[in-house]
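User: I would like to learn how to read the features of a model like this one. Could you take me through it step by step?

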Amino acid sequence: MIKKRYVLNFPTQSGDKAFTYHLVKDYDIRINILKAEVYPGKKGSLLLELHGKKENIEKGVEYLQNHGITCESLDKAIHLDAEHCIDCGNCTAVCFAGSLTMDKETWKLDFDKDKCVVCELCIPACPLNLFRIDFR
Ligand code: SF4
Ligand code: SF4
């Protein structure tokens with residue numbers, strides 16, 4: 001069993017297809033939806049974590065792609081050198097995913113890796129260059 005993250009972008013016409021149902025039923029994949037941006041009549045995107053057998057995940061992703069859904073694998077992660085952070089908050093302004101936030105009580109930076117979509121916007125935003133990409 002493996003766990004993989006994907007960003008899915010799907011066109012309007014595929015929004016009504018129960019593709020998550022097929023991933024679960026036909027490919028025995030467990031799905032955790034980490035982030036969803038779906039607007040009626042517009043394109044949508046999802047950040048998913050898929051948990052299952054490697055070959056099943058590959059087949060499931062192929063199924064999605066055959067239905068016009070693009071699947072970008074997140075095989076990289078953002079690493080923060082938290083030890084040297086001065087909690088200036090600059091990076092929180094660019095993190096649309098809500099992964100980087102300031103704790104309202106301590107005013108310390110809080111990094112929730114589970115919300116990170118690896119957009120890399122925080123890298124140039126940090127004056128101390130504390131972010132880097134880790135390739136897995
Ligand atoms: S890579 Fe993007 S989503 Fe992840 S912490 Fe940086 S700004 Fe936030
Ligand atoms: S921009 Fe850099 S120093 Fe400032 S809060 Fe973010 S990680 Fe810390």
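Analyst: Start with strand pairing in this predicted model. Strand 2 (residues 30–38) runs antiparallel to strand 3, with eight bridges between them. In that pairing, Ile 33 faces Leu 48 of strand 3.

User: Which strand do nine bridges join to strand 3?

Analyst: Strand 1 (residues 2–10), again in the antiparallel sense. Asn 9 sits opposite Ser 45 there.

User: How many residues of strand 3 are buried?

Analyst: Buried means under 20% relative accessible area. In strand 3 (residues 44–52), eight of the nine residues are buried, so the strand is mostly covered.

User: Now the aromatic rings. How many aromatic pairs are there?

Analyst: Two by the ring-centre rule. Take Tyr 27 and Tyr 63: their ring centres are 6.0 Å apart and their planes meet at 45°, so the pair is tilted. Tyr 27 belongs to helix 1 (residues 19–27) and Tyr 63 to helix 2 (residues 54–66). The two are 36 residues apart, and the pair links distant parts of the chain.

User: Are Tyr 27 and Tyr 63 buried or exposed?

Analyst: Tyr 27 has a relative accessible area of 18%, so it counts as buried. Tyr 63 is buried too, at 13%.

User: Last, the ligand. Which residues surround ligand 1?

Analyst: List the shell, then sort it by class. Around ligand 1 are Ile 78, Cys 95, Ala 97, Ser 99, Leu 100, Phe 111, Cys 116, Val 117, Val 118, Cys 119, Glu 120 and Cys 122. Ten residues of this shell are nonpolar, one is polar and one is charged.

How values were computed
Residues are numbered from 1 along each chain as its sequence is written. Chains are lettered from A and ligands numbered from 1 in the order in which they are written. This is a predicted model: local features need pLDDT of at least 70, side-chain atom pairs count only at pLDDT 80 or more; totals for chains, interfaces and linings use all residues. Side-chain values use heavy atoms; hydrogens and water are left out. A residue is near a molecule or strand if one of its heavy atoms lies within 4 Å of it. Ala, Val, Leu, Ile, Met, Phe, Trp, Tyr, Cys and Pro count as nonpolar, Asp, Glu, Lys and Arg as charged, and the others, Gly among them, as polar. Rings of Phe, Tyr and Trp (its six-membered ring) pair if their centres lie within 6.5 Å; planes under 30 degrees apart count as stacked, over 60 as edge-to-face and the rest as tilted. Helices (H or I, at least four residues) and strands (E, at least two) are DSSP runs, numbered from the N terminus. Buried means under 20% relative accessible area, exposed over 50%, partly exposed in between (1.4 Å probe, protein chains only). Two strands pair if DSSP finds at least two bridges between them.
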